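Student: I should like to take a close look at a single part of this protein and understand how it is built and what surrounds it. Could one helix be examined in detail and then be set beside other parts of the chain?

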Amino acid sequence: MEQPINSVHNGSNSLDNLEHLLKEAEENWQVLMAKDSVSALDIALPFLDRTSVGMASQYPEFKELERNLFNGLQNVVFENFNAFNDSVAAYQVTREKIGKSQNIIKEINGTLEQSGKDIMSNKEILKELNNNSQKYEQIIETLDQIEILRKKNVEIEALIDKKAFYKVERLLAESWDICNQYNLNELESLSHIKENLEVQSNNLVELVVEELHSIIYLKNIKRQEETHEELKTYKKIKDFLFKFENNYNFFDMINKEVAFIDNDYEYVYLLLKTLKNLNSLDETLNSLKSRLSTELQFLFNSIQEEIKSSNGKNIQVANLDMTDLDSFGISDIGNSVLQSFFSRIFNRCCHVLEFLLVTYKISEIVSENSNCKLNFQFSDLWDIFSAEINNLMLAYISKSESSDKSQHSNDKHMFQFNSLDFKNTKAETFSIDLQSILQDLFPNYDLKNPITNSVYIKDDFSVNKTTLIPPNVFNMSIILNNLLQFIHLSLQLVSTVADEKIDPALLCDRFMETAFLPRLQHLLDGIFQSLFKDGTVDTESYHNVFKTFFSKVCDILNTSIIYKSEYVRIILKLLNKMSGLYSECFNKHFGGTGKNTKTGQLVVNSSLRNASKIQDFAAETSILLSNSFMGQVTTRDFLTDEELTQLIKLLTSIDKMLEWLLPMRRVGSSLNQDHSNENDEKVDFLKDKWLFLEVSPISTVLLTFSKDSVVEFDSQVDTFYRLMTDIKLILRYDLRLKIGYFVSQMFLTETWLLPYERNRPSVLIESLNKKILQIDHLLANRDYKTFVFQGVSSFANKLFIKGASDIVALNEHGIGKLYSNIIILQQVLRTLVDDPDEINFSSCINYYEMFKKTDKGIVDQVSRGENKYSYEENAQMIKLYFSEGLSKQMNTGKKMSFGADKRCEESILKLKNLYK
C-alpha cells in the first residue's frame, strides 16, 4: 500500500475528518446505532423496506456514508502508517507480557488462596496485630500532641515575658483541652504534664494578680511620676464605665497586642477576664481586699523614703517644740516636707482609689454576666482604705501609744531553746549539741540572754513606725488641704458606685472629730497647765499670759470671720479653764464665797448683795448692824495682808482680761449645713468648717459666734463678772468689818468720862486708819475704790450713833474726844475718794451735839419734828446726858439734889409718848 504524501503533517486532519463523520453518523443514524449490539441484518432490512416507514429511500445516503467512512479510514491508515506498524509491534510485545502476567496472576491467586486459608487459621493473631497497629497510631498521635504541648509551653513563656497574659490563658486552655482529649492526665508517665500545666496556671494567676496590684498601687516607677488630673480622671472613668455597661465590645482588642498600653482600664479588664477564665476571680478579689491594708502601708513607706532621699537636711532641722507659744512647733521647713509628703500620698491614693473602683465595677459586671454575685461591697474596700489614711494622718499629729512598747514585745511567742529543761533526760546531750549548732549559725546571738539580739528576721511587712517630722497636732493644717483635694475627687469617683454607705466627706469629719479635736484639746490643755504651774506666773500677770495664748489659738484656728463650732467649743473650754483657774486662786486666798467667816457670811447674803447692787446704802447698813453682828466680829474675820493683796491682784487681772476679751466677741452667721449633696459645696463646707492656720483677711483677731453659741460665751463672761463682784464685795465688807470692829472696840474700851479735855485720837482709830490706807494703796483702780468706799459714810454714821449704847458715862470732855476720833476718820476717808463731800459724818456729829441740848432740848426738838433720830437713839442720848450724875451717885452713894434718875425717867417717858 502506497503511503500518502504529507501523512505526517496531515495525520491530525484525517483523524479530525473521521471524528466528524462518526459524530454525523451518531446524529443522523441514531436508530440503527441505539442498540448495544447491531448486526448486519438489522441494518440491511430497513433499507429493503420501501414503505413509508422503511429506509429504502435513505439507502443512497447510507452508501455515501459508507464510502466516506471507507475513504476516511483509508486516509487515516495511510496517514498513520508508521504509527500503525509500531502499534502492531507493540501489540505483539504486549501480548507476550500479558501471557506472563496471567501466569503470575495464577500464582498470586494461589498465594491468595493460601493466604486466605492462613488468615482464617490465624484470626486472633491478626486482631492482635490490628490492635497494636492502632496503639502505635495513638502513640504516634499522642507524641505529636506532646510536641504541640511543648511548643505551646515555649510560646507561653515568651508571652509571659511580654505580659500577654490573656494569650497565655488561651494557650493554657488549649493545652488543657489537648490533655483532656487525649487523656494525658490518666497516664502516670505523663503526670508531669498535668503538674506542669497546674503550676503554669497557678503561676499565671499569681502573675496576673501581681500585675493587677502593680497597676493599682503604682509599683511602676513611670506611673509614679504621672500627675493625677482630677477632672480628666473622672471623665475618663465615667466614659469607660458607660461603654462597658452598654456592652462595649472589649473582645475586639484581644488580638491587638498594643491595646492595653494606651488604656489602663481595658488592660485591667483583660487581667480580670483572664482571672475569670482561670476561675480565680473571686479568690483574687478576696486577696485584693485582704492585701489592701498592707499594700497601702508599703505605698506610704515608699513615698516616705522618696521624701527622705530628697529632703534629708530639711527633715533634720524640722523638729520644734509644739508647746512653744511663738511657733507651736510649726516651721516653714517642716511644712514644706509635710506638704511634699502628703501631696504625693493623696495623689497616689487618688490613683489607687480610681483603679480599685474600676476593678470592682468590672468584676461586678463580669460576675453579673456570669450569673454570679460578688461576695463583698465596695464599701468594704473603702472602709479599709479610709482606715489606713486615718492611721497615717494620726501618726503625724500624735505620737503612737505603741511606740513606747518594747521592741521585743513579739518575742513572747518565740520558741527559745534555752528555756527548755532537758536535765535528767535522754535529750540533754542532743540539746547541748543543738545549742552549739545554733551558736555557730548565729554567732552574735546570746542563747543565755535572748533579749539582747534576736535570731529571728525582723518583719519588714509592717508599716514604718517613724515619721518624717515629729508628730504635731498642728501638722493637720498641711494635711487637711491635701485631704480635701483627695475628698473632692473621691466624691466624684464613688458616685459611680451608688453606695450610700460611702461618703468620703465623712472621712474628714470623723477624723477631725474623733482624732484631731481630742488631741488638739489635750495639747492646748497641756500648754495651759504648763503656763500656769504653781508659782510660775504671778496672779496679776495671769491675764497677759492667757491673752498671748488665747489670741494665738484663735488666730491659728481662724475664728475671726467664720463661726467654727468645733473650734469655738475648744476655745470656750480654754476660757472655762481660765475661769476655773481664777476660781481656784480665789478659793485659795479666800476659801470661796462659802468661807465660814463674817465676810463669807456677808457675801452670800442675798439681801445684802442686792442692797449693794442697787446702792441702797441705808438697807445695807441696816443689815450690817442688825442682830449685834458687829459686836461678834474679831480680827480673825479680817482679810490678811496676803489675802487682801492676792484678791486685789486677782480682781485686777480678771478686769484686764475682760478688757481684751470682750472686744474679741463677734456674732456672725452659722455655716450652711444644707449643701444639697453637691460635691463642690460639700468640700467648701468642710473647708469653712475645718481649715485653720489660714491667712486672715483682717488683722484683728476675733472670736466669731453664732447667735446660739454666743450665749455660752456670755455665760462664761458672766462667771468672770460674778467672781469680780464677789471679790469687790469681799473688799467692801472687809472694810466695813474693820471699821465696825475698831469703832465698836473704841466705844467699849475707851473712857468717855474725862476730867479734862483730851484731843489725842484713840489708838484703835489710828489702827483703823492704817488698815484703810492699806486698802487704798492696793486699790489702784478708781472704779474698784469707788465701789469699796461708796456708802461708807452711811455705815460709819450709824456705827458711831450705835456706839453710844456702849458708853457707860459721858461728859463734855468725852464728847470732845468723840468729835476728835470722828473727824480724824472722816478726814482720812475724804482724802481717799474722788469726791470728798461723799464722806460726811455730820449725822453722828449732830447726834452727839444733842448732848449739849439737855434732856429738855432733845424732847422739844422731837416734839417740833426737827429730830431725825429714832426713839432708841434719842433715849440713849438722854441717858448719856444724865450718865455723869448717875455715875457720881453710884460712886459716892449720895443721891443728887435734882433727882437725876427721876428726871431721866420722866424725859424718856415724854419722849416715848411723842413716838406713839
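Tutor: The answer below begins with the whole chain, turns to one helix and its partner, and then visits other places for comparison.

The model is a predicted one. Its protein chain holds 35 helices and two strands. Of the 916 residues in the chain, 44% count as buried. Contacts between residues at least 6 apart in sequence can also be sorted by their separation, and 79% of them join residues at least 24 apart.

The part chosen for the close look is helix H25, which runs over residues 641-661. A helix is expected to rise by 1.5 Å a residue, so the 21 residues of H25 should span 30 Å. The C-alpha atoms at the two ends of H25 are 30 Å apart, which agrees with that expectation. As for its surroundings, H25 is mostly covered, since 15 of its 21 residues are buried.

One neighbour of H25 is helix H28, made of residues 763-778. The axes of the two helices lie 10 Å apart, and the helices pack at an angle of about 30°. Because an angle under 35 degrees counts as roughly parallel, H25 is described as roughly parallel to H28. The crossing of H25 and H28 is right-handed.

Which residues form this contact? On the side of H25 they are Asp-641, Leu-644, Thr-645 and Ile-648, and these meet Lys-771, Gln-774, Ile-775 and Leu-778 of H28. By character, the residues of the contact divide into four nonpolar, two polar and two charged. The numbering on each side can be read alongside a general property of helices. An α-helix has 3.6 residues a turn, so residues three or four places apart point the same way.

Helix H28 also contains Val-763. With a relative accessible area of 51%, Val-763 is exposed, because the limit for that word is over 50%. Val-763 and Asn-821 stand 58 residues apart in sequence, while their C-alpha atoms are 9.7 Å apart in space.

Two other helix pairs may be set beside the pair just described. Helix H30 (residues 792-803) and helix H32 (residues 842-849) have axes that come within 7 Å and cross at roughly 25°. H30 and H32 are therefore roughly parallel to each other. On H30 the contact is made by Asn-797, Phe-800, Ile-801 and Gly-803, and on H32 by Ser-842, Ser-843, Cys-844, Tyr-847 and Tyr-848. These residues divide into five nonpolar, four polar and no charged.

The other pair consists of helix H13 (residues 281-310) and helix H15 (residues 332-369), whose axes come within 10 Å and cross at roughly 165°. Angles over 145 degrees count as roughly antiparallel, and H13 and H15 are therefore described in that way. Their crossing is right-handed. The residues of the contact of H13 with H15 comprise 16 nonpolar, five polar and three charged.

Individual residues can be examined in a similar manner. Phe-549 is found in helix H20, which covers residues 542-556. At 0% relative accessibility, Phe-549 counts as buried, because buried means under 20%. Ile-527 is 22 residues away from Phe-549 along the chain, and 8.7 Å separates their C-alpha atoms.

Gln-716 has its place in helix H27 (residues 710-749). Its relative accessible area is 9%, so Gln-716 is buried as well. Leaving aside residues up to four places away in sequence, Gln-716 touches Leu-572, Leu-575, Asn-576 and Ser-579.

Finally, two residues deserve attention for their backbone angles. Leu-693 is found in the loop between helix H26 (679-690) and strand E2 (703-705). The phi angle of Leu-693 is near 60°, a positive value in a residue other than glycine. Leu-693 has a relative accessible area of 34% and is partly exposed. Thr-854, by contrast, is found in a helix, namely H33 (residues 854-863). Phi of Thr-854 is near 65°, again a positive value in a residue other than glycine. At 25% relative accessibility, Thr-854 counts as partly exposed.

To return to the part chosen at the outset, H25 is mostly covered, and H25 lies roughly parallel to H28.

Notes: Residues are numbered from 1 along each chain as its sequence is written. This is a predicted model: local features need pLDDT of at least 70, side-chain atom pairs count only at pLDDT 80 or more; totals for chains, interfaces and linings use all residues. Side-chain values use heavy atoms; hydrogens and water are left out. Helices (H or I, at least four residues) and strands (E, at least two) are DSSP runs, numbered from the N terminus. The expected span of a helix is 1.5 Å times one less than its number of residues. Buried means under 20% relative accessible area, exposed over 50%, partly exposed in between (1.4 Å probe, protein chains only). Axes are lines fitted to C-alpha atoms, for helices over the stretch in contact, and angles run from 0 to 180 degrees between N-to-C directions. Angles under 35 degrees count as roughly parallel, over 145 as roughly antiparallel, 65 to 115 as roughly perpendicular and the rest as oblique. A crossing is left-handed if the near helix is turned anticlockwise from the far one by less than a right angle, and right-handed if clockwise. Contact means heavy atoms within 4.5 Å. Ala, Val, Leu, Ile, Met, Phe, Trp, Tyr, Cys and Pro count as nonpolar, Asp, Glu, Lys and Arg as charged, and the others, Gly among them, as polar.
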